[in-house]
Amino acid sequence: IEAFIKYNNFHKEQKKKWLKDISKSEYYYYNQKQDSFYCPMGQKMNRIATTITTTTTGHKQTIAKYQAQNCQGCPLRSACHKSSNNRIIEVNHNAKRHRIKAKERLISEEGLIRR
C-alpha cells in the first residue's frame, strides 16, 4: 500500500518564495560519507551534537545538530540567519528520508491524480 498523504509543509515547498529562501536547511547539500552539510556558500557544517527528544505522543526522535565553521564576513549571512554566532541547523534524518519519499510520490503522475 502506498500512501499519498501531504505532510505539513508540502504546499509551502511548492511556492517560489520557499524555493528561493536560502535559510531553509532542507536545500543544503548533505555529504553522507562525511556526515556533514554544506551551506549555500559551500562552507562545511560539521556535526556538533546528537540529541534524542520525545514528542508529546511518546515518539522518540534523534536530532543531529550541525554548525558552520565561520560565518564572519559571509555575503549571504543576513539572508541565511540572524544569529551573532555561526549558523546551526537541526536535522531529523529519519523524518527527512520519509518526507523525500512522500514528496516523490506526491509529485509523480499517480500522485497528481490521487491528490
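**Helix α4, the enclosed cavity and the loop between α3 and β5**

In this predicted model, helix α4 is formed by the 15 residues from 93 to 107, which at 1.5 Å a residue should span 21 Å; the C-alpha atoms at its two ends are 21 Å apart, so the expected and the modelled spans agree. Three residues of α4 are buried, namely Lys96, Ala102 and Leu106. These residues lie on the same side of α4, because the arc that they cover around the axis is only 130 degrees. The elements against which the buried residues of α4 pack are α1 (10–13), β2 (36–38), β5 (88–91) and α5 (109–114). At the start of α4, the backbone nitrogen of Asn94 has a side-chain oxygen of Asn92 within 3.2 Å.

The protein as a whole contains 5 helices and 5 strands. Along the sequence these elements follow the pattern α-α-β-β-β-β-α-β-α-α. A box of roughly 45 × 35 × 30 Å, taken along the principal axes, is filled by the C-alpha atoms. The protein has 115 residues, of which 26% count as buried. Among contacts with a separation of 6 or more, 46% join residues that are 24 or more positions apart.

The cavity search gives 1 cavity of 30 Å³ or more. The largest cavity holds about 90 Å³ of space. It is lined by 14 residues, and those closest to its centre are Cys39, Cys71, Cys74, Cys80 and His81.

His81 belongs to the loop between α3 and β5. With a relative accessibility of 10%, His81 counts as buried, because the limit for a buried residue is under 20%. A polar atom of the His81 side chain lies 3.3 Å from the backbone nitrogen of Ser83. Apart from residues up to four places away in sequence, His81 touches Cys71, Asn86 and Arg87. Cys71 is also listed with His81 among the residues closest to the centre of the largest cavity.

Lys82 is placed in the loop between α3 (77–80) and β5. The relative accessibility of Lys82 is 75%, and Lys82 therefore counts as exposed. The Lys82 side chain nevertheless has a polar contact with the protein, reaching the backbone oxygen of Ser78 at 2.8 Å. Between the C-alpha atoms of Lys82 and Ile52 the distance is 26 Å, with 30 residues separating the two in sequence.

Asn86 is another residue of the loop between α3 and β5. At 18% relative accessibility, Asn86 counts as buried, since this value falls under 20%. When residues up to four places away in sequence are left out, Asn86 touches Gln67, Ala68, Gln69, Asn70, Cys71, Gln72 and His81. With one of these residues, Ala68, the side chain of Asn86 makes a polar contact, reaching the backbone oxygen at 3.4 Å. Ile52 lies 34 residues from Asn86 in sequence and 23 Å from it in space, C-alpha to C-alpha.

Two further loop residues were examined, one on each side of β1. Ser23 is in the loop between α2 (16–20) and β1. A relative accessible area of 22% makes Ser23 partly exposed, because it lies between the limits of 20% and 50%. Beyond its neighbours within four places in sequence, Ser23 is in contact with Tyr28, Ala79, Cys80 and Arg87. Cys80 is among the residues closest to the centre of the largest cavity, and Arg87 is one of the residues touched by His81. Ser23 and Ile89 are 66 residues apart in sequence, yet their C-alpha atoms are 9.7 Å apart in space.

Asp35 is located in the loop between β1 (29–31) and β2. Although Asp35 is not a glycine, its phi is positive, at about 50 degrees. The relative accessibility of Asp35 is 22%, and Asp35 therefore counts as partly exposed.

Key:
Residues are numbered from 1 along each chain as its sequence is written. This is a predicted model: local features need pLDDT of at least 70, side-chain atom pairs count only at pLDDT 80 or more; totals for chains, interfaces and linings use all residues. Side-chain values use heavy atoms; hydrogens and water are left out. Helices (H or I, at least four residues) and strands (E, at least two) are DSSP runs, numbered from the N terminus. The expected span of a helix is 1.5 Å times one less than its number of residues. Buried means under 20% relative accessible area, exposed over 50%, partly exposed in between (1.4 Å probe, protein chains only). The arc is that of the directions from the helix axis to the C-beta atoms. Contact means heavy atoms within 4.5 Å. A polar contact is a pair of N or O atoms within 3.5 Å; within protein, one must be able to donate a hydrogen and the other to accept it, and residues adjacent in sequence count only if both atoms are side-chain atoms. On a 1 Å grid over the protein atoms alone, a cavity is a set of points where a 1.4 Å probe fits but cannot get out, and a pocket is an open set with protein on both sides within 12 Å along at least five of seven lines; lining residues have an atom within 4 Å of a point. Grid points are joined across faces, edges and corners, and a volume is the space filled by probe spheres set on the points.
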